[in-house]
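Student: Before we go through this entry, could we take the descriptive labels one at a time and ask what stands behind each of them?

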Amino acid sequence: MISIGKISIKSESSIVEARNKIYVLAQDLKFDIISTTRLATITSQLVRGMVKKGKEFTLKVWLDQREGGFGLVLEFPLKKIKDAVSIEMLNAVFDSVEISQGEDRFEYIETFKYLPDSDFKPTKEFIAKIKKQIERLPIEELCNKLQEAYTKLKRAEEKQREYSQNLEDMVEERTKRTKELQDAQDELVRKGKLAILGQLAGGVGHELQNPLGVISNAVYYLKTILSDADETTREYLDLIASEVHDSEKIILGLLDLSRTNPAIREEVAISELIELALDKQPPSENVKIDTKIPKDIPLVYIDPQQIGQVMFNLIVNAYQAMPEGGILNIKANSDKEKVYISIADTGCGISDENMKKIFDPLFTTRAWGIGLGLSVSKNLVEVNGGNIEVESQEGKGSTFTVILPIKEI
Amino acid sequence: MVKRLRILIVDDDCNMVRTLKDIFMVKGCPVETAYSGFEALKKARDENFDCVITDIKMPKMNGVEFYLAVKSIKPELPVVLMTAYSTDKLVKKGLEEGAISVLAKPLDINTILFFFSTLQKERSVAIVDDNLNFCKTLRDILQKQGFVVSYFTNYHNLIENLKPDCQVMLLDMKINKISGLDVLRKVRKKYPQLPVVLITAHREEMSSKIKTALEISAYTCLYKPLQIERLFKVLSEIHHKQLSMILKQSVGKKK
């Protein structure tokens with residue numbers, strides 16, 4: 001038996017496919033028109049029977065040499081032959097019909113029809129040709145299959161692109177959120193530290209006032225009763241009094257840090273606050289002050305005590321950045337909603353790595369002082385609806401810009 | 001006339017009490033002391049003090065509780081609070097309840113001494129009213145309460161003759177048909193710190209003038225016939241304010 005091929009039967013379209021293929025095969029095998037049609041029709045009927053039942057199967061095709069010559073062999077696996085076609089009909093078309101029972105409970109019909117040409121000799125080329133025809137997918141199905149495959153591919157590509165984009169978006173979002181969370185956490189930690197430090201400073205400050213009060217009284221008393229003592233004694237008493245006074249100032253500084261009063265806002269001229277701060281802490285001889293605050297600068301809507309303190313802190317910082325002298329530049333300008341005050345020094349500047357830390361509580365590059373000034377100032381400004389920004393160049397100087405709100409109408 | 005002041009100092013910190021006592025003693029103003037609210041309350045009840053200075057933060061009975069207790073038995077007694085804890089809630093409470101002032105430790109001794117000297121001075125009142133009998137009778141009433149009183153029956157040379165240490169002026173709004181507004185203005189100009197209490201019998205007639213007077217910071221207006229209790233209350237208020245001003249407390253109040 002020479003295997004010609006298999007026709008896979010899957011769906012309704014297979015019926016037509018099978019019929020067409022058998023038709024063409026029969027033509028090539030030189031059957032006459034009637035036989036060709038009969039063969040095709042029978043095939044169609046048998047296949048239809050199975051397809052209607054939803055069965056998938058394979059129709060096998062051979063060429064076989066028997067007594068009278070070569071013949072076409074078709075094998076159909078069927079469930080119920082009777083439903084598909086009558087045996088009489090089969091016997092009328094085929095030269096022999098054999099029905100066997102398969103293990104899979106299919107009935108196998110093997111049909112044999114002698115080729116019309118008894119001298120037929122199957123050449124290699126011929127066999128190859130008819131094989132090809134059997135195996136070839138019908139053009140439409142091929143096209144459909146191609147189309148389907150193409151569509152699937154395109155859809156898959158699209159989906160992949162979507163997922164890819166989605167993933168990217170998600171990663172971006174996640175990164176942003178993580179950063180936001182991190183920033184919020186940092187801010188919370190900073191504020192938490194500040195609050196604790198404020199409490200500590202307040203507690204310590206207040207506690208110190210008691211013994212300081214007694215010392216202050218004691219010195220006052222001694223000075224009074226020893227008003228005619230020798231010069232050294234009087235000098236020593238003055239010394240103690242002066243140190244007590246200095247201690248008092250330090251404590252007041254500490255207490256400033258602990259103040260958690262809410263901002264009591266009013267409209268204030270920023271020039272006044274700056275003047276007050278400059279008066280409170282006049283510059284040393286080698287520092288030149290240059291203020292450029294326009295007369296028509298709008299009033300800011302803030303708590304004057306708190307923002308006054310901020311100005312004082314920034315100005316003192318500026319002085320301390322210029323121990324060898326320099327220029328303190330104070331400027332102000334405004335837009336519709338805010339006033340921008342910049343306090344610039346020509347001092348040592350802030351390094352890049354320190355820039356991130358300068359507003360942290362307890363951070364200081366000096367050998368003295370606690371390092372709460374800037375973090376407290378930042379807090380006070382924010383509580384008043386404003387902001388502090390800083391620009392600096394190491395070795396050249398720093399500029400702190402305080403942004404404050406104008407009263408909304 | 002300088003009378004000897006009786007001052008009571010209260011603080012659980014013995015060293016604070018000791019140093020204050022020695023300072024005031026050496027400055028010529030001996031003081032009594034107490035180390036707790038209870039002890040102080042007992043002393044204030046049994047003796048007559050001109051002023052009490054007390055710490056706020058004390059165990060068992062704090063300074064404000066003590067003040068409230070003393071206020072109920074000696075309402076006229078000026079009490080000054082002191083503290084190291086400027087942000088304590090009690091500071092606000094103490095002021096609200098009528099303490100003269102809350103002072104921050106360490107104390108400014110000189111300010112307190114000045115405060116004492118003001119306390120020592122007798123309270124003086126100037127009465128300006130054309131009704132001589134009114135002046136005389138009011139003078140007698142006030143003198144009985146320890147005030148030093150001078151009176152004037154017209155606006156003539158009032159400003160020139162007014163004693164500079166006068167603490168309060170009672171001013172009739174209309175003398176001999178002349179309005180007191182001008183006088184008020186002149187007084188305000190020369191003695192801006194001097195509180196002026198207006199008096200008048202003519203409520204409706206003078207109402208607009210009174211309004212103007214109050215706007216240029218006359219303290220208040222009392223109507224004849226004078227309710228003496230009300231007058232004493234007003235004088236007491238004014239005195240309280242004057243004492244507070246001297247101490248210009250640096251603790252608790254926002255600028």
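Tutor: In this predicted model, buried residues make up 38% of the 409 residues in chain A. The surface that chain A exposes comes to about 25,000 Å², of which carbon and sulfur atoms supply 53%. Chain A has eleven helices and twelve strands, and of its contacts with a separation of 6 or more, 71% are accounted for by residues 24 or more positions apart.

Student: Why is Asp345(A) called buried?

Tutor: Its relative accessible area is 8%, and the label buried applies under 20%; Asp345(A) is therefore buried.

Student: Where does Asp345(A) sit, and with which residues is it in contact once its neighbours within four places in sequence are left aside?

Tutor: Asp345(A) has its place in the loop between strand S10 (338-344) and helix H10 (352-355) of chain A. With those sequence neighbours left aside, Asp345(A) is in contact with Ala318(A), Ala321(A), Met322(A), Ile327(A), Lys396(A), Gly397(A) and Ser398(A).

Student: What makes the approach of the Asp345(A) side chain to the backbone nitrogen of Gly347(A) a polar contact?

Tutor: The side chain of Asp345(A) reaches that backbone nitrogen of Gly347(A) at 2.8 Å, and the limit for a pair of N or O atoms is 3.5 Å; the pair is therefore counted as a polar contact.

Student: How do you know whether Arg38(A) should be called buried, partly exposed or exposed?

Tutor: Arg38(A) has 46% relative accessibility, and partly exposed is the class between under 20% and over 50%, so Arg38(A) counts as partly exposed. Arg38(A) is placed in helix H2 (residues 33-52) of chain A, and, leaving aside neighbours within four places in sequence, it is in contact with Ala92(A) and Val93(A). The C-alpha atoms of Arg38(A) and Tyr23(A), which are 15 residues apart along the chain, are separated by 8.9 Å.

Student: What makes Met170(A) eligible for a nonpolar surface patch, as far as its accessibility is concerned?

Tutor: The relative accessibility of Met170(A) is 53%, and a patch residue needs over 30%, so the accessibility condition is met. Because exposed means over 50%, Met170(A) also counts as exposed. Met170(A) is found in helix H6 (residues 139-225) of chain A, and together with Leu167(A) and Val171(A) it makes a nonpolar surface patch of about 310 Å².

Student: What is noted about the phi of Lys30(A), and why is that residue called exposed?

Tutor: Lys30(A) has a positive phi of about 70° although it is not a glycine, and it lies in the loop between helix H1 (12-28) and H2 of chain A. Its relative accessibility is 60%, and exposed means over 50%, so Lys30(A) counts as exposed.

Student: How do you know that Lys60(B) is exposed?

Tutor: Lys60(B) has a relative accessible area of 79%, set against the cut-off of over 50%, and it is therefore exposed. The place of Lys60(B) is in the loop between strand S3 (51-55) and helix H3 (63-73) of chain B, and its phi is near 65°, a positive value in a residue other than glycine.

Student: Which omega value goes with the cis peptide bond between Lys105(B) and Pro106(B), and which with the one between Lys224(B) and Pro225(B)?

Tutor: For the cis peptide bond joining Lys105(B) and Pro106(B), omega is about -5°, and Pro106(B) lies in the loop between strand S5 (101-104) and helix H5 (109-120) of chain B. For the cis peptide bond joining Lys224(B) and Pro225(B), omega is about 0°, and Pro225(B) is found in the loop between strand S12 (220-223) and helix H10 (228-247) of chain B.

Technical notes: Residues are numbered from 1 along each chain as its sequence is written. Chains are lettered from A and ligands numbered from 1 in the order in which they are written. This is a predicted model: local features need pLDDT of at least 70, side-chain atom pairs count only at pLDDT 80 or more; totals for chains, interfaces and linings use all residues. Side-chain values use heavy atoms; hydrogens and water are left out. Patches are made of residues with over 30% relative accessible area and no salt bridge: like charges are joined within 9 Å, nonpolar side chains (Val, Leu, Ile, Met, Phe, Trp, Tyr) within 5 Å. Accessible areas come from the Shrake-Rupley method with a 1.4 Å probe; for residues, only the protein chains shown count as cover. A salt bridge is a side-chain nitrogen of Lys or Arg within 4 Å of a carboxyl oxygen of Asp or Glu. Helices (H or I, at least four residues) and strands (E, at least two) are DSSP runs, numbered from the N terminus. Buried means under 20% relative accessible area, exposed over 50%, partly exposed in between (1.4 Å probe, protein chains only). A polar contact is a pair of N or O atoms within 3.5 Å; within protein, one must be able to donate a hydrogen and the other to accept it, and residues adjacent in sequence count only if both atoms are side-chain atoms. Contact means heavy atoms within 4.5 Å.
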